[in-house]
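Biologist: Hey, I'm new to this one. Can you walk me through it?
Modeller: Sure, here it is.

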Amino acid sequence: MYVDNAADWMVIHWGASLEAAFQPLLHLLIAIEGFLLWMPWYVIIFLIAGLAFLATRNWKLPIGVSILMFMIGAAGYWEESNQTIALMLASTITALVVGVPVGVAMALSRPVRSIMRPLLDVMQTLPPFVYLIPGVMLLGPGKVPALLATVIYAVPPVIRLTDVGIRNVDSDVVEAVSAYGASGWQKLWHAQLPLALPTIMAGINQTMMMALSMVVIASMIGAGGLGYQVLQGIGRLEVSRGLFAGLAIVALAIIFDRIAQSYGRRLQSQLHMDEG
């Protein structure tokens, strides 16, 4: 009862301010979604295949990516897949803007780490549906609460792995940089973050996958995209609609997972070459 009263008080007194504060997130999501829907399908396939080629420097992954993207379009889910990609990209960008600085603070400050670790444990343990409650309560159904729920659900991996990556940087390297008179900021920017980048990339990869796994749940409050098609298939008992939309989500997850993993492996190999 007290929690409900506090929630009602917050909605009455702070609802409009919170809605205005989250408008930049809505503009980011709408801009990405509009750009993807504006571009021709073959340009999007070419760009994603180009990213895959830059990550691997061979044609196997780009060809596989192109086939999967073409199959998504052939199944009739091109527009919905672009909406899902927009939600995933917007939530990943927001998670990086929030998560990387928090991870850096955890790595550099023991008190911050002691506060954030149990909080991250709770965030990763709560059922995903719980994240929908505060967004809907404060902002009502729509794209913004769906984006916020996705960000909260997907941000813990990038925070944890940024922290782990920076703390696992070789202490000899840090001492050598300090011996040359580097400040704390220079040490972080020129030594710790570059050496931790492969681990941070692994966190980004996990964040992207968790954002994609949230699209079906987020569609319940207005996210749209492939998740909404899955929900419609369940509600109308249309097996084909739910099945093919679910397979399209899996295809997107495979595409972005393989690209992110390939970039991580390249960064790791370049790091080993530099050390050698």
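**Helix packing and the core**

Modeller: Helix α7 (residues 132-139) packs against helix α8 (residues 143-154) at an angle of about 150°, with the axes 9 Å apart. Helices here are DSSP runs of H or I with at least four residues, numbered from the N terminus. Axes are lines fitted to C-alpha atoms over the stretch in contact, and angles run from 0 to 180 degrees between N-to-C directions. This is a predicted model, where local features need pLDDT of at least 70, side-chain atom pairs count only at pLDDT 80 or more, and totals for chains, interfaces and linings use all residues. Residues are numbered from 1 along each chain as its sequence is written, and side-chain values use heavy atoms, leaving out hydrogens and water.

Biologist: So how is α7 oriented to α8, roughly parallel or roughly antiparallel?
Modeller: Roughly antiparallel, since angles over 145 degrees count that way, those under 35 as roughly parallel, 65 to 115 as roughly perpendicular and the rest as oblique.

Biologist: Which residues meet there?
Modeller: From α7, L132, G135, V136 and L139; from α8, V144, P145, L148 and A149. Contact means heavy atoms within 4.5 Å. The residues of that contact divide into seven nonpolar, one polar and no charged. Ala, Val, Leu, Ile, Met, Phe, Trp, Tyr, Cys and Pro count as nonpolar, Asp, Glu, Lys and Arg as charged, and the others, Gly among them, as polar.

Biologist: And what angle do α2 and α8 pack at?
Modeller: About 95° for helix α2 (residues 23-38) and α8, with axes 9 Å apart. The two are therefore roughly perpendicular to each other. L25, L26, L29 and E33 of α2 touch K143, V144, L147 and L148 of α8. That contact has six nonpolar, no polar and two charged residues.

Biologist: Switching topic: how many residues are in the largest nonpolar core?
Modeller: It has 72, and M69 and L252 have the most contacts inside it. Such a core is a set of buried Ala, Val, Leu, Ile, Met, Phe, Trp, Tyr and Cys residues joined through side-chain atoms within 4.5 Å. Buried means under 20% relative accessible area, exposed over 50%, partly exposed in between (1.4 Å probe, protein chains only).

Biologist: What does L252 touch?
Modeller: Beyond its neighbours within four places in sequence, L252 contacts M69, I72, S81, T84, I85, L212 and L226.

Biologist: Is T162 buried or exposed?
Modeller: Buried, because its relative accessibility is 0%. T162 sits in helix α9 (residues 156-167).
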